[in-house]
Amino acid sequence: MFLLIAVVVAVALVPILHGDLGALAGMRVRLAGLLLIALLIQVLVVAVFPGPASGVRLSLFLASYPLGVAFLYLNRRLSGLWLVGVGAVLNLLAIVANAGVMPATAGALATAGVPAGGDVFANSASVADPRLWFLGDVFAIPSSVPLANVFSVGDVLIALGVGWTIVRASRGAPGQPMRQTGSGTPEG
């Protein structure tokens with residue numbers, strides 16, 4: 001949910017920052033399906049077909065990351081995606097260090113009104129002795145706010161990177177198609 005909020009904010013900033021929302025439609029993105037498959041796997045494993053933690057669920061969840069990395073590598077020329085990559089690596093480090101679960105602090109979970117865990121596989125949960133806890137979900141959007149949830153420093157970097165990519169693409173950034181000004185000359 002945190003990423004969804006970041007995308008909405010970035011798109012809302014485009015006109016304020018004198019960007020062109022139409023330029024986003026012309027963004028040249030390579031193999032976007034890789035990213036869609038990665039996100040679909042995570043949503044299916046965590047939300048659509050929830051169930052007990054198992055090797056299969058964990059393997060599927062972790063398999064989504066190489067797809068995301070491949071997408072980022074293929075689109076590395078897009079401004080801001082390097083920051084998305086850094087955030088993803090930080091998240092992956094925390095998840096791998098904690099046997100496939102993003103560690104979340106009890107305080108962040110309580111603030112967001114998210115259950116601390118249980119028998120169901122979760123991408124974020126309270127962990128007994130978390131490793132790299134500071135890379136885990138230590139921040140929260142309070143439960144009194146729509147889309148309340150916990151998030152990590154990696155999530156913040158991913159959101160900033162996605163926002164940067166959207167805003168730069170709307171302004172004809174390098175690697176993006178150039179916009180035409182009223183005089184017919186390219187602007188970038």
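**Exercise 1. How much of the chain is buried?**

What percentage of the 188 residues in the protein chain do buried residues make up?

*Solution.* Let's start with the ground rules. This is a predicted model, in which local features need pLDDT of at least 70 and side-chain atom pairs count only at pLDDT 80 or more, while totals for chains, interfaces and linings use all residues. Residues are numbered from 1 along each chain as its sequence is written, and side-chain values use heavy atoms, with hydrogens and water left out.

Step 1: buried means under 20% relative accessible area, exposed over 50%, and partly exposed in between, with a 1.4 Å probe and protein chains only. Step 2: by that rule, buried residues make up 35% of the 188 residues.

**Exercise 2. Lay out the fold**

Find the helices and strands of the protein chain and put them in order.

*Solution.* Step 1: use DSSP runs, where helices are H or I with at least four residues, strands are E with at least two, and numbering goes from the N terminus. Step 2: the chain holds 7 helices and 6 strands. Step 3: read from the N terminus, the order is α-α-α-α-α-β-α-β-β-β-α-β-β. Step 4: look at the contacts (heavy atoms within 4.5 Å). Of those with a separation of 6 or more, 67% come from residues 24 or more positions apart.

**Exercise 3. Two partners of α7**

Describe how α5 and α1 each pack on α7.

*Solution.* Two packed helices are described by the angle between their axes and the distance between the axes. Here axes are lines fitted to C-alpha atoms, for helices over the stretch in contact, and angles run from 0 to 180 degrees between N-to-C directions. Angles under 35 degrees count as roughly parallel, over 145 as roughly antiparallel, 65 to 115 as roughly perpendicular and the rest as oblique.

Step 1: the axes of α5 (residues 81-97) and α7 (residues 153-170) come within 7 Å and cross at roughly 165°, so these helices are roughly antiparallel. By class, their contact has 13 nonpolar, 5 polar and 1 charged residues. The classes are nonpolar (Ala, Val, Leu, Ile, Met, Phe, Trp, Tyr, Cys and Pro), charged (Asp, Glu, Lys and Arg) and polar (the others, Gly among them).

Step 2: the axes of α1 and α7 come within 9 Å and cross at roughly 25°, which makes this pair roughly parallel. Their contact has 13 nonpolar, 2 polar and 1 charged residues.

**Exercise 4. Trace the cores**

Which residues make up the largest nonpolar core, and which elements give two or more residues to this core?

*Solution.* Step 1: a nonpolar core is a set of buried Ala, Val, Leu, Ile, Met, Phe, Trp, Tyr and Cys residues joined through side-chain atoms within 4.5 Å. Step 2: the largest has 11 residues: Ala10, Val14, Phe71, Leu72, Leu78, Leu81, Val84, Ala88, Ile158, Val162 and Ile166. Step 3: α1 (2-16), α4 (55-74), α5 and α7 each give two or more. Step 4: a second, separate core has 9 residues, including Ile41, Ala94, Met102 and Phe121.

**Exercise 5. Two residues to inspect**

Is Asn91 buried or exposed, and what about Ser170?

*Solution.* Step 1: Asn91 lies in α5 and is buried, at 5% relative accessibility. Leaving aside neighbours within four places in sequence, Asn91 contacts Tyr65, Met102, Leu135, Ser152, Gly154, Asp155 and Ile158. Step 2: Ser170 belongs to α7 and is buried too, with a relative accessible area of 0%. Step 3: the C-alpha atoms of Ser170 and Asp20 are separated by 4.9 Å, although these residues are 150 residues apart along the chain.
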